[in-house]
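Got the model open in your viewer? Set it to cartoon, keep the selection box handy, and we'll go from stop to stop.

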Amino acid sequence: MSPDAEHATAAGSDEYELLRLGIASAVAVLRGLGGMIHRDLTDGGPMLLAAHTGLSDSFVRAWEDVGRGEAVAPARAGLNRSFAWMTTHGGGDSYVGTDRLPVGTGLACVPVLTGDGRTNVLSVLLSASQEPDAEERRVLHAVAHRIEEEVRAARSSAAPGERRDGAFPEIHRGPEFGVWDWDFTNDTMALDESAARILGCDVHTFDGWIGTWQRLVHPEDLQRVLTWADQARRGPSADGVEYRIRQPDGGFRWVTWRNRPRSDGSCGETRLNGTVRSATSSRLVRDFIGHALWQATDGLLTLDGSLRIASASSSAEQLIGLPEELSGLRLWEAVPDFRGLGVEEAARRAVADGGPLALDVPWPARRRRLRMRLVPATDGLTVYLSDITGLQPHAAEQVPVDAAVGPPTTPIVALTRALATAVTGHDVVNTVNEYMLPLVGATAAGVWVVEAGRVFLVTVVGARKELVDRVEAVPVEDLPDVAQALLDGVPNFISSPEEFLGRYPAMADIVALSGKQAWAYLPLIVSGRRVGICVITYDRPHMFRREERTLFTALSGLVAQAMERARLYDAEHKRAQELQRGLLPRVLPSVPAVSAAARYLPAGTDMEVGGDWYDVIPLSADRVALVIGDVMGHGLSEAATMGRLRTAVRTLADLEMPPDELFSHLDEMVGGLGEDFYATCLYAVYDPADRRCSVITAGHPPPAVVRPDGTAYFLDLPCNPPLGVAAPPLDMAEVTLPEGSLLVLYTDGLVESADRGIEQGMARLRQRLGTGYGGTPELDGLCDDLIADMLPDPFRINDDAALLVARTHALAPQDIASWQLPDEPTAAGQARHGVRKQLEAWDLEELSMTTELLVSELVGNVIRHASGPMTLRLLRSRTLICEVSDGSLSMPRIRRAADTDEGGRGLQLVAAMADRWGARYTPSGKCIWTEQALPTG
């Protein structure tokens, strides 16, 4: 039996709840760790623990009784009827009894007079560095006085003969709810037995007429309830309605009335049904704590999100002289004397920091001194005003939070802040695990979302895989423990396996698979929409006390908001990443000239995509283009610009444009996008026939080269401005690379960071490349190693990073054959003869006839339409490549020949017989080429 039930002997259930609410109020106003009340039950005997909240079982056992002669704070407070303090750090009146306190804590105690000559004691557990000052002691006394008034009122309202000296009753497992059905077609109301009991009527005598129910509703609330019902008929109602019900004895009680949305999503035009719960206790909590806070200070103000005065107590109006009209005024505007005293700065700082702040304000005009406690709320700021004239004669100052308003961070504040910064669904669950589980003493947590009527796991901590597999993708209606919480919209608490099996006998396997002993199902509801459920579990049976249920209800709202934000982020982030990756090559092409691998890393957890890209583009004659670039900025427009640039580069490369001319077209394109668009780009064309590489850069870092011997260096390239501001002509460089060299192209995100300049990053990259990477045959592994070395924490990088690595291959000299041909008709015969002999040497006689015909057409076309020295070259690679070069800049084109034309059909014949053909400019003219597939085998 709990100490509450074992030692509680002097109050009925109402009085017992008032004691617990009183403790909660005291803990709230002092921002304590927990609290308790001891009762003076017998003359000369020990004081016994009557109620407590927020304290561990071991702590409660140590304070079950307090001897009157003990030198501990509760005994001194009861004996002297005054404030008492004790701490493990040696503060307060005595060291005696500090072994009952956790290290680093203190106990603040004040008397609670009962009116019959006995003295009870209210105690609040605080941080050891938080000994209450004079104002906080007065606040604590005010709360104690409020408890006295409420307890006396409860006793005076007891029915004649009702016992007030018996044991406290058992704590209820949860609020009862009933079901109602309202038929608008015949004005009838149907109630089940629980609903009738909550509304205070007999289900057997209730006639079902709507007028009978309306007479139960308090007259002041009836119109509000009917208005809500009319709105609920027209559309889904996100919130229920809270109203008062008349009782037979003339009093009233509060109930909460909610409607159930129909499964088909339609509105209840002719019928509504839902649940009803008693709300008296929750109203009592709000009224009690609010009244205690209101009386425990000289003045109370609430400010909205814009720091404008929303409400003010009468004592605040008198204390600082507020004007009658406060609408739209900020505090320092309503009270001009506050200007220049730091009030505005302190208010904005408290909101920005998300933590409480205290400010002492000298008031020369009234020769007074005020202390202002500024406590951030979810929708603004709460300001507590106290007159401390004479208590602190020193100059005005901002008092540190831990000295003025309690600990800098309570567990709930820490949880709230962590949830506010959680980005993904996994972040939310990790936050629940780190902050919420210790707060409620639980051992495991999981968050599930509801999609298409089924539950899907976001992530879980401390649960068995077998249980996850059993529940994943199961319809909600097949999980009545989950369905009850989601349907009612209120947490579902199960204190033991026996209770679980008693309520859901068909789910015995869930209990066995979970291995847990108690469960809290918290529905995640945002704007009336049920987005999922958070399940908190315990390894031992756990009785959920009333304050715990209230706390769970509040926390479920915080988790729901965080989870909704996380789901939206996850969805947007996924779409952004899909867009980014969709604009990049899915698979790099396999080309003879190079072996390549690439990586792309988005910046941290930022939802916005970047403009980094890379590409490998096959060109004619086994040449290949390697491209990497970076559009300045982040966002969808930058990603779209990146996609347009990549497409433009591929298109211009297919036209066989020289690199400098290609960049001139790109610069014009980027410049036409607007003044805010810039891009860096690096373009390299590698020719395996002569191992020459032409490289051009526009504001982009130079590529690194690793020779076969492992020597690493950066290419010395002409510096051109970024695309969008470049001024053609642009300079490029040509280098010859040894066989097996490694080309490393990258964006600045790989080498530059907040704590590392780009020059330092490039030096580090060269150092890493020079430590044996050059001999690594597996390029994917090389990319992973470079990423791990350069970006050890990919979640903290502040810019996208792209990496493209290529190992060069050269054509063997025996696979290249070349002839100089005379500019005369005999050239065609010489070409055919050379081709025939070379194909015999290569064992490609099968291609001899076709190749001779192709060469004849190409050479004849040069003799007829071009001029200059003529060269024939054959390349044996994955295909047979045939090239005819001349000194003319006029490009051939296919035209439709008429039936009477003698010529014009040569290129049509070339296109029909070759697998691919084309033409490109050369430094001395042009080159026409064809490709043919090699014979199988």
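Start by selecting β18: it gives the lining of the largest cavity its largest share, 4 residues. Bear in mind as you look around that this is a predicted model.

**Stop 1: the largest cavity**

Now bring up the rest of the wall. The space inside the largest cavity is about 280 Å³. It has 22 lining residues, and the ones to show as sticks are Trp 448, Leu 467, Val 471, Tyr 521 and Val 535, which sit closest to its centre. For the cartoon, colour the elements that each supply two or more lining residues: the strands β18 (444-451), β19 (454-461), β21 (518-526) and β22 (529-538), plus the helices α16 (465-471), α17 (480-488) and α19 (508-514). What kinds of residue make up this lining? Counted by type, there are 17 nonpolar, 3 polar and 2 charged. If you want to go hunting for others, the structure holds 3 cavities of 30 Å³ or more.

**Stop 2: the second largest pocket**

Next, select Arg 623, Asp 687, Arg 920, Tyr 921 and Pro 923. Of the 26 residues lining the second largest pocket, these lie nearest its centre. The pocket holds about 700 Å³ of space. Strands to colour here are β26 (679-687), β27 (692-698), β34 (870-876), β35 (879-886) and β36 (916-922), each giving two or more residues to the lining. The lining of this pocket splits into 13 nonpolar, 4 polar and 9 charged residues.

**Stop 3: Thr 808**

Jump to Thr 808, in strand β32 (residues 801-808). Is Thr 808 buried or exposed? Its relative accessible area is 0%, so Thr 808 is buried, the cut-off being under 20%. To see what packs around Thr 808, show its contacts beyond four places in sequence: Ala 593, Val 594, Tyr 686, Leu 737, Pro 738, Glu 739, Gly 740 and Ser 741. Pick Leu 737 from that set and draw a C-alpha to C-alpha distance: you should get 7.9 Å, although Thr 808 and Leu 737 are 71 residues apart in sequence.

**Stop 4: Asp 40**

Head back towards the start of the chain and select Asp 40, in the loop between β1 (34-39) and β2 (47-53). Asp 40 counts as buried because its relative accessibility is 12%, under the 20% limit. Leaving out residues up to four places away in sequence, Asp 40 touches Met 47, Arg 68, Arg 118, Thr 119 and Asn 120.

**Stop 5: the cysteines**

How many disulfides does the whole structure have? The search finds 0. Zoom in on Cys 882, which is in no disulfide: its nearest cysteine sulfur belongs to Cys 927, 8.9 Å away. At 1% relative accessibility, Cys 882 counts as buried. Cys 109 is worth a click too, as another buried residue, with 0% relative accessibility.

**Last stop: zoom out**

Clear your selections and take in the whole protein. There are 28 helices and 37 strands to trace. Half the chain is tucked away, with 50% of the 937 residues counting as buried. Switch on the surface and you are looking at about 42,500 Å² of accessible area, 51% of it belonging to carbon and sulfur atoms. Finally, among contacts with a separation of 6 or more, 61% are between residues 24 or more positions apart.

Note on methods
Residues are numbered from 1 along each chain as its sequence is written. This is a predicted model: local features need pLDDT of at least 70, side-chain atom pairs count only at pLDDT 80 or more; totals for chains, interfaces and linings use all residues. Side-chain values use heavy atoms; hydrogens and water are left out. A disulfide is a pair of cysteine sulfur atoms within 2.5 Å. Buried means under 20% relative accessible area, exposed over 50%, partly exposed in between (1.4 Å probe, protein chains only). Contact means heavy atoms within 4.5 Å. Accessible areas come from the Shrake-Rupley method with a 1.4 Å probe; for residues, only the protein chains shown count as cover. On a 1 Å grid over the protein atoms alone, a cavity is a set of points where a 1.4 Å probe fits but cannot get out, and a pocket is an open set with protein on both sides within 12 Å along at least five of seven lines; lining residues have an atom within 4 Å of a point. Grid points are joined across faces, edges and corners, and a volume is the space filled by probe spheres set on the points. Ala, Val, Leu, Ile, Met, Phe, Trp, Tyr, Cys and Pro count as nonpolar, Asp, Glu, Lys and Arg as charged, and the others, Gly among them, as polar.
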